[in-house]
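The exercises below are to be worked with the sequence and the model side by side. Each opens with a task and continues with a solution in steps.

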Amino acid sequence: MHDHSCCRGAVLASTRRRFLTVAGLGGTAALFGFTPFLARAAGEADALVLSCIDYRLTDKVSAYMGSRGLQGKYDQVILAGAALGAVTDKYPDWGRTFRDHLGLAIKLHNIQRVIAIDHRDCGAYRLILGKDAKGDEEKKLHAIELHRLAKQIHAAHPKLAVDMLLMNLDGSVETIA
């Protein structure tokens with residue numbers, strides 16, 4: 001009986017070379033196909049929405065945006081804690097990520113507004129702040145972080161409007177002044 005291990009190695013090496021060649025060609029094609037994509041991406045969006053990762057509210061955020069007539073007219077960044085995630089010192093990379101996305105949304109889509117949507121019963125607020133606030137105390141905590149975010153946005157982009165919102169678990173929304 002012949003040991004085919006040397007043949008298998010050669011076949012694997014050949015298969016890997018073929019894959020890399022095809023992947024390289026696909027990458028080149030994607031690169032050439034990228035120019036029309038950039039033209040499409042250069043359109044305008046009305047806003048950048050910042051919302052929380054909480055699965056209970058992703059559909060409700062989308063429905064809310066639709067109710068404002070913004071369906072398909074906004075970019076979106078999702079961070080645990082929404083506004084808190086963007087300003088917390090506990091996870092500084094999240095804030096950098098938000099600011100980078102905001103800068104790109106301005107350049108790519110000429111956004112004029114940031115819509116920050118925090119929500120009640122937010123686990124990220126409990127974990128990051130170490131408080132399990134309810135009612136008015138909870139609303140005050142969200143207001144503090146939403147205002148911190150708005151201040152940071154206005155410092156970097158004075159012409160951007162910032163909507164600060166607090167969503168209830170039923171999808172209803174209240175404005176934070």
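Two strands are said to pair if DSSP finds at least two bridges between them, and strands (E, at least two residues), like helices (H or I, at least four residues), are DSSP runs numbered from the N terminus. The model is a predicted one, in which local features need pLDDT of at least 70 and side-chain atom pairs count only at pLDDT 80 or more, whereas totals for chains, interfaces and linings use all residues. Residues are numbered from 1 along each chain as its sequence is written, and side-chain values use heavy atoms, with hydrogens and water left out.

**Exercise 1. Confidence and inventory**

Task: Establish which stretch has a pLDDT below 50, and list the elements of the protein chain from the N terminus on.

Solution. Begin with pLDDT, the predictor's confidence in each residue, from 0 to 100: its mean over the protein chain is 84, and 76% of the residues reach 70 or more. The stretch with pLDDT below 50 covers residues 5-40, and beyond near neighbours in sequence it has one contact in the model, where contact means heavy atoms within 4.5 Å. Next, count the elements, which come to six helices and five strands, and read their order as α-β-α-β-α-α-β-α-α-β-β.

**Exercise 2. The sheet**

Task: Determine the strand order of the sheet, and explain why one side of S2 and one side of S5 are left without a neighbour.

Solution. The five strands make an open sheet of mixed pairing, ordered S2-S1-S3-S4-S5. Strand S2 (74-78) and strand S5 (173-175) are at the edges and have a single partner strand each, which is why one side of either strand lacks a neighbour in the sheet. From one strand to the next the twist averages 25 degrees, an angle taken between N-to-C directions on a scale from 0 to 180 degrees, with axes that are lines fitted to C-alpha atoms, for helices over the stretch in contact. Finally, place helix H6 (residues 135-156), which lies across strand S1 (47-51), S3, S4 and S5 and runs at about 160 degrees to S4.

**Exercise 3. Strand S4 and its two partners**

Task: Work out in which sense S4 pairs with S3 and with S5, and decide whether His119 is buried or exposed.

Solution. Strand S3 (residues 113-119) pairs with strand S4 (residues 161-167) in the parallel sense over seven bridges; within this pairing Ala116 stands opposite Met164, and His119 stands opposite Met167. On S5, Met167 has Val173 opposite, and here the pairing is antiparallel, over three bridges. The hairpin of S4 and S5 has five residues between the strands, and in it Gly171 takes a positive phi near 95 degrees. Burial can now be judged (buried means under 20% relative accessible area, exposed over 50%, partly exposed in between, with a 1.4 Å probe and protein chains only). Six of the seven residues of S4 are buried, so S4 is largely enclosed by the rest of the structure. His119, at 3% relative accessibility, is buried as well, and its contacts beyond four places in sequence include Cys52, Asp54, His142 and Met167.

**Exercise 4. An aromatic pair**

Task: Classify the geometry of the rings of Tyr91 and Trp94.

Solution. Rings of Phe, Tyr and Trp (its six-membered ring) pair if their centres lie within 6.5 Å, with planes under 30 degrees apart counting as stacked, over 60 as edge-to-face and the rest as tilted. One aromatic pair results from this rule. Because the ring centres of Tyr91 and Trp94 are 4.3 Å apart and the planes are at 10 degrees, the pair is stacked. Tyr91 is partly exposed at 34% relative accessibility, and Trp94 is partly exposed at 26%.
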